[in-house]
Structure formats: structure tokens, C-alpha cells
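User: Hi! I'm new to reading structures and would like to work through this one in small steps. Could you help me?

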Protein chains: 2
Amino acid sequence: MTAAVRCPPRERIIDAARDLFRKHGIKGIGVDAIAEAASSNKMTLYRHFGSKDDLVFVCLQEAASEAEAFWEGIKAANPGDPRAQLSDWVRRAGEFVTVEHCNCELLDAAAQLMESDHPARQFIEDLRGLYRERLVELCRAAGAADAELLVDALTLLVEGARTNWRSAGPGGAATRFVKVADMIVDDFMR
Amino acid sequence: MTAAVRCPPRERIIDAARDLFRKHGIKGIGVDAIAEAASSNKMTLYRHFGSKDDLVFVCLQEAASEAEAFWEGIKAANPGDPRAQLSDWVRRAGEFVTVEHCNCELLDAAAQLMESDHPARQFIEDLRGLYRERLVELCRAAGAADAELLVDALTLLVEGARTNWRSAGPGGAATRFVKVADMIVDDFMR
DNA sequence: GATAAATGTTACGGATCGGTAACATTGTCA
DNA sequence: TGACAATGTTACCGATCCGTAACATTTATC
């Protein structure tokens with residue numbers, strides 16, 4: 001996961017950047033700090049990524065490809081059983097969201113640079129649409145009464161858990177995400 | 001609501017600061033811009049508030065007192081009827097969260113300065129605890145099966161709606177917050 | 001109208017940050 | 001070993017930002 005001390009600087013920088021973006025926010029950390037955390041320096045950072053915005057973009061792409069693995073893992077673990085896949089989605093999303101330095105930089109980034117005209121805006125928006133489509137399809141296949149509304153509920157819960165976890169930590173409502181989400185999913189299954 | 005052109009500069013500055021903090025985030029706006037938006041200047045800003053952090057703190061206190069009015073409005077509109085109060089809470093929270101420049105700076109601030117050691121941290125944490133206690137009590141009085149868990153669900157939904165509204169706007173899941181929350185409240189009422 | 005307080009204006013200091021230039025060092029491959 | 005690419009180091013520029021100093025102007029109070 002975290003890049004070992006020895007691997008190309010480009011990877012080390014991406015890993016460090018993602019970690020620090022999660023911890024301090026995109027606008028809350030500087031490129032110098034990122035380069036130093038990557039055991040590299042600002043110059044090589046700018047040789048690999050033309051600007052801080054570009055680095056942000058690459059980090060988001062990295063996160064997106066991990067999200068791809070997230071979906072594939074669910075399908076592989078519950079082949080041909082949409083209802084089980086949905087439960088698994090809830091469980092994994094709960095883990096995902098309540099982990100120390102969680103991998104939801106997509107949500108964070110969305111919240112942080114939607115108000116500006118960042119080059120990654122469109123990318124995030126498209127991704128959000130893609131994930132929603134998939135989740136709607138999964139809910140429908142699992143037999144949800146109103147798949148769209150269920151996805152709305154799950155979306156709000158996930159984003160809320162992410163936000164709550166950051167600000168309230170392990171003592172907050174985020175730790176009960178799975179319990180709540182499971183209950184809501186059940187309610188839609190009749 | 002918004003301060004007219006003529007009222008003490010202190011109020012104009014607070015209003016402008018709250019507006020800009022909501023729009024750009026606490027770290028995303030400078031004191032110069034705040035002073036200019038308040039039709040004032042940086043010097044008088046610093047004469048009223050010793051530092052930007054102090055200004056943030058005062059803005060949060062202002063928002064907290066408005067939240068007080070929020071609660072009292074609910075109780076006044078539905079006297080002696082906890083179930084109706086809870087429904088009203090959902091409705092008003094929905095309005096609150098899906099308004100152009102919504103008044104949830106408390107949630108935003110929580111997310112933005114929890115990772116740092118901002119002087120307002122403790123204040124926000126205490127406030128969060130207070131609101132949770134009140135909501136738990138209301139849910140319990142309204143006859144919820146598991147008041148604590150219901151509050152967890154509502155908390156996640158509200159924070160999620162706030163985040164989602166900021167990044168996804170009127171087309172996102174936040175617009176269905178009331179529908180989802182009402183459904184969940186109903187589920188707990190048996 | 002005089003006096004004092006509050007507010008406005010301009011300029012500046014120190015710090016941080018994104019980004020670049022010039023040069024030194026390391027590593028790789030023939 | 002020699003040559004070349006990749007990486008590291010230092011220094012710097014311009015912009016932004018928080019905060020302050022000094023002085024000018026308005027406003028309120030007597």
C-alpha cells in the first residue's frame with residue numbers, strides 16, 4: 001500500500017500526496033511538504049507533474065482505479081447474487097469510510113474544488129455519475145422497491161459517514177454506518 | 001438577514017465572513033476579501049477581531065445562536081407534540097441543507113479545522129454533543145424504537161446531504177433528503 | 001464648533017506557497 | 001571508463017496572505 005522507501009520517485013510522490021491530501025485537504029498542504037514526505041524534492045515533483053493541479057488529477061485517477069478494484073472485488077466475492085453483492089457493498093463501504101486515513105479522496109476532492117474551476121471537476125462529476133449508475137443497477141437487480149431512492153439514501157449515508165468520521169472520529173455516528181445502511185436496505189426489499 | 005449597507009462594521013464583517021466562509025471555505029478566503037465584501041477594510045476588521053481565528057470563532061458563535069432559534073422555532077410550531085416536532089425537524093433540516101448558501105458553517109468548519117488545533121475545536125465538539133443530545137431526546141419522546149440509532153441515521157443523512165449539496169448541487173441526492181429521512185423516521189416508529 | 005472615538009487609507013513586514021533556473025550528484029548502460 | 005538520463009540541492013521570483021504601523025478621515029458627543 002504505502003510505497004516502500006525504494007521505488008520510483010513518481011510513485012512515492014503520488015502516495016505521499018494522496019496521504020497528505022487526505023490528512024490536510026488539497027489546499028491545506030504544500031508541494032514542498034509533499035516532496036519531503038516522499039523523500040524526494042520539489043524539482044523532481046515538478047518534472048513528473050507539471051503543476052500541483054496535475055498532481056491532484058493523477059491522485060484522483062489513482063483513487064478511481066482503486067475504486068474499480070472495489071467494485072470488481074464485490075462482484076467476484078458474490079458471483080451472481082445481487083442481494084449479497086449489495087450487502088457486501090454496504091460492509092465494504094463501511095470499512096472504507098471508517099479507516100484511519102481513508103481512501104475517499106474522491107469525495108473530499110469533490111467537496112474541496114467544486115467551488116473553483118479545477119481541471120479535475122469534470123472527471124469527478126463523471127465518476128460520480130458512473131458509480132451512481134452502477135449502484136442503481138445493483139439495487140435494482142437485488143430487488144429494491146425504489147432503486148433510485150435507495151441509492152439516494154446510501155449516497156447520503158456514505159458521504160455523511162465520511163464527513164462525520166473526519167470531524168467526529170471513532171466516537172461519532174460514522175461507526176454505525178453499516179448498521180443503519182443495512183436496515184435501510186432491508187426496508188427497500190419488500 | 002444580510003446586513004444592509006448601513007449597520008456597524010462589526011456586523012457587516014461578520015455577515016460577509018460567514019457568507020464567504022460558506023462559499024470558499026475557511027482556508028479558501030482571505031481577510032482582505034472579507035473586509036472588502038463587508039464594505040470595510042482590514043484595519044477595522046483587526047480592531048474588532050484580533051485575528052482571523054477569532055473572527056472564525058465569532059462566526060461560529062453566531063451560527064450557534066441561529067441554531068438555537070432553529071430548535072426553538074420547531075418547539076414553538078409544534079407545542080407538546082414530539083412526533084410532529086421530529087417531522088418538522090426533518091423538513092427544516094432539509095430546507096436548511098439545500099439552500100444556495102446554506103447556514104451549515106458549523107458542519108463545514110468542523111470538517112475543515114478538525115485536523116488542525118484551531119481554538120474553535122472544543123466549541124464545535126461541545127455543540128455537536130449538545131445537538132445530538134437534544135435530537136436523541138426528541139426521538140425518544142416521539143416514540144422511536146432505538147432513539148440513539150435513529151439519531152445516528154439522521155446525523156449521517158444531514159451531513160451527507162450537506163456535503164452532497166455542495167459538490168453535486170440541486171441535481172444530487174441531497175434534494176431527496178427529506179423523503180429519505182421521513183421514511184427512516186417512520187421505520188423507527190413501531 | 002470642539003474633542004475624542006471610530007473608521008478608512010496606504011504602506012509595509014514576515015511568512016508561505018506555487019513554480020522555475022542553474023548546477024551538482026547519482027545511477028544506468030554501452 | 002565514458003556518456004547520458006534521472007534525481008537531488010540551492011537559490012530565487014512573484015503572488016498571496018496574516019497582521020501591524022502611521023496617518024487621514026468621518027462620526028458622535030458635549
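Analyst: Happy to! A handy definition to begin with: a residue is near a strand if one of its heavy atoms lies within 4 Å of it. Please keep in mind that this is a predicted model.

User: How many residues surround DNA strand D, and which are the closest?

Analyst: With that cut-off of 4 Å, we can list the neighbours of the strand. There are 17 residues around DNA strand D, and the closest come from chains A and B: A:N41, A:R47, B:V31, B:K42 and B:K52.

User: Which element gives the most residues to the surface near DNA strand D?

Analyst: Two or more residues each come from α1 (9-24) and α3 (42-48) of chain A, and from α3 (42-48) of chain B. The top contributor, with four residues, is α3(A).

User: What part of DNA strand D does the side chain of A:R47 approach, and at what distance?

Analyst: Let's look at a few polar contacts of this strand. A:H48 has a side-chain N or O atom 3.1 Å from a phosphate oxygen, while B:V31 uses a polar backbone atom, 2.7 Å from a phosphate oxygen. For A:R47, the partner of its side-chain N or O atom is a base nitrogen, at 2.8 Å.

User: Now for DNA strand C: which atom of the strand lies 2.4 Å from a polar side-chain atom of A:K42?

Analyst: Among the residues that come nearest to DNA strand C are A:K42, A:K52 and B:R47. A:K52 has a polar side-chain atom 2.6 Å from a phosphate oxygen, and the side chain of B:R47 has an N or O atom 2.8 Å from a base nitrogen. The partner of A:K42 is a base oxygen.

User: How much of residues 30-49 of chain A is helix?

Analyst: UniProt, in an unreviewed entry, lists this stretch as "DNA-binding region". Its end C-alpha atoms are 14 Å apart, and strand makes up 0% of the stretch. The helix share is 70%.

User: Are α4(B) and α7(B) roughly parallel or roughly antiparallel?

Analyst: Helix α4 (residues 52-77) and helix α7 (residues 121-141) of chain B pack at about 10°, with axes 11 Å apart. Angles under 35 degrees count as roughly parallel. So α4(B) and α7(B) are roughly parallel.

User: Which class has eleven residues in the contact of α4(B) with α7(B)?

Analyst: On the α4(B) side, the residues include B:F57, B:L60 and B:W71, and on the α7(B) side they include B:F123, B:I124 and B:L127. One residue of this contact is polar and two are charged. The class with eleven is nonpolar.

How values were computed:
Residues are numbered from 1 along each chain as its sequence is written. Chains are lettered from A and ligands numbered from 1 in the order in which they are written. This is a predicted model: local features need pLDDT of at least 70, side-chain atom pairs count only at pLDDT 80 or more; totals for chains, interfaces and linings use all residues. Side-chain values use heavy atoms; hydrogens and water are left out. UniProt positions are given in the numbering used here, feature names are shortened, and annotations may be inferred rather than shown by experiment. A polar contact is a pair of N or O atoms within 3.5 Å; within protein, one must be able to donate a hydrogen and the other to accept it, and residues adjacent in sequence count only if both atoms are side-chain atoms. Axes are lines fitted to C-alpha atoms, for helices over the stretch in contact, and angles run from 0 to 180 degrees between N-to-C directions. Angles under 35 degrees count as roughly parallel, over 145 as roughly antiparallel, 65 to 115 as roughly perpendicular and the rest as oblique. Contact means heavy atoms within 4.5 Å. Ala, Val, Leu, Ile, Met, Phe, Trp, Tyr, Cys and Pro count as nonpolar, Asp, Glu, Lys and Arg as charged, and the others, Gly among them, as polar.
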